[in-house]
Amino acid sequence: MPPRHLIRTSDFSTAEILTLFVNALHYKQLLASKTPTHHPLKHKNVITIFFENSTRTLSSFELAVKNLGGDILRLDVSRSSTSKGETISDTAANLNAMNPDAIIIRHKNAGAGYYLSSQVNCPIINGGDGAHSHPTQALLDLLTIMEHFGLEELLATEGRSDIAPIAPLDSIRGKKIAIVGDVINSRVANSNLELLTRFGMEVILVAPPHFLPQSELRTSDDLRTIAKEVDVIMSLRTQTERHNQVIYGSLKDYALRFCVTKEILGDSPCIILHPGPVHRNIDIDDEVLKDPRSKVLEQVTNGVCVRMAALDFLIA
Ligand code: NCD
């Protein structure tokens, strides 16, 4: 059987995602109680190769592999032969010749993970490719949202084979989420758009016009008004590294309209997500980051167990 890959969220069916989440919650409990997990990745070698910077994604993938008893080889790209001019295709062929059990890749070019998956014999997990896709981030975002709205329905899906492929859970179907910021350049937004709409959430894109993609979805440049009607706000970092030219006056000007502040939130019960790294007081203000409605660190915690479940699913 050819290996399965996780390049985009659509690589996993709805039923597979629910199974993965139930497993992730099981791992979360074990980690929280410091109970050792079984070791499904024992004697398995996983290579991480990150051509772009990362704090959360790389470390949580590596922790996830270790928690499952696997071995990690981190390819230091700055010291690898890529910096001597080796093509990604040759790097891939050489990595493949070492027979790894999975490769996790991040690259500035959209499609890098997809391309690699055609060159190797093991699962490829996309840790972010350009502005295209970041599937594990969207998965951990969705799990964090589900946790907030109650897990009974999700946990009741365990072992069921009759799960509807479209919007299977009442607990989140119809809930409204504002995705705020540099949507057009964000792989996090892109992956979430597929996943959250598949699970029946209503997505509203909130940004200045030059940060909005062509989309059938509702759009707005008025965060203050939209914040009053949504259940979730997902704030995004302005992806300055992907801008060829400066397309706003300054980040400060941007913040005046799109920073999620305590004043804009008022007493709304909505929760706040951000994939990190946060531009403090540009994306979200200090006060909101300290507020219990901010789930930003919960997302990081969920990142480890979602990635454990994804590795378990693809490799073990
Ligand atoms: C995001 C990324 O790298 O796409 N961060 C992350 O993985 N947690 C978002 C960003 O860099 O703004």
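In this predicted model, four strands come together as an open sheet, and reading across it gives the order β2-β1-β3-β4. The strands pair in the parallel sense. The two edges of the sheet are formed by β2 (71–75) and β4 (124–129), each of which has a pairing partner on one side only. From one strand to the next, the twist averages 15°.

A helpful place to look next is the pairing of β1 with β3. Strand β1 covers residues 45–50 and strand β3 covers residues 102–107, and five bridges link the two in the parallel sense. One position to find in the structure is Ile 49, whose bridge partner in β3 is Ile 105.

Strand β3 also pairs with β4, again in the parallel sense, over four bridges. Here His 107 has Asp 129 of β4 as its bridge partner. Between these two strands the chain passes through helix α4 (residues 112–117), and the resulting β-α-β crossover is right-handed. Although β4 is an edge strand, six of its six residues are buried, so β4 is largely enclosed by the rest of the structure.

The cysteines complete the picture. A disulfide is a covalent bond between the sulfur atoms of two cysteines. The structure holds zero disulfides. For Cys 270, the nearest cysteine sulfur belongs to Cys 259 and is 14 Å away, whereas a disulfide requires the two sulfur atoms to be within 2.5 Å. Cys 270 has a relative accessible area of 1%, and because buried means under 20%, this residue counts as buried. Cys 305 is likewise buried, at 0% relative accessibility.

Conventions:
Residues numbered from 1 in each chain as written. Predicted model: local features only at pLDDT ≥ 70, side-chain atom pairs only at ≥ 80, totals over all residues. Heavy atoms only, no water. Pairing = 2+ DSSP bridges. Axes fitted to C-alpha atoms, helices over the stretch in contact; angles between N-to-C directions. Buried < 20%, exposed > 50% of the residue type's maximum accessible area, 1.4 Å probe, protein only. Right-handed = clockwise from strand over helix to strand, strands pointing away.
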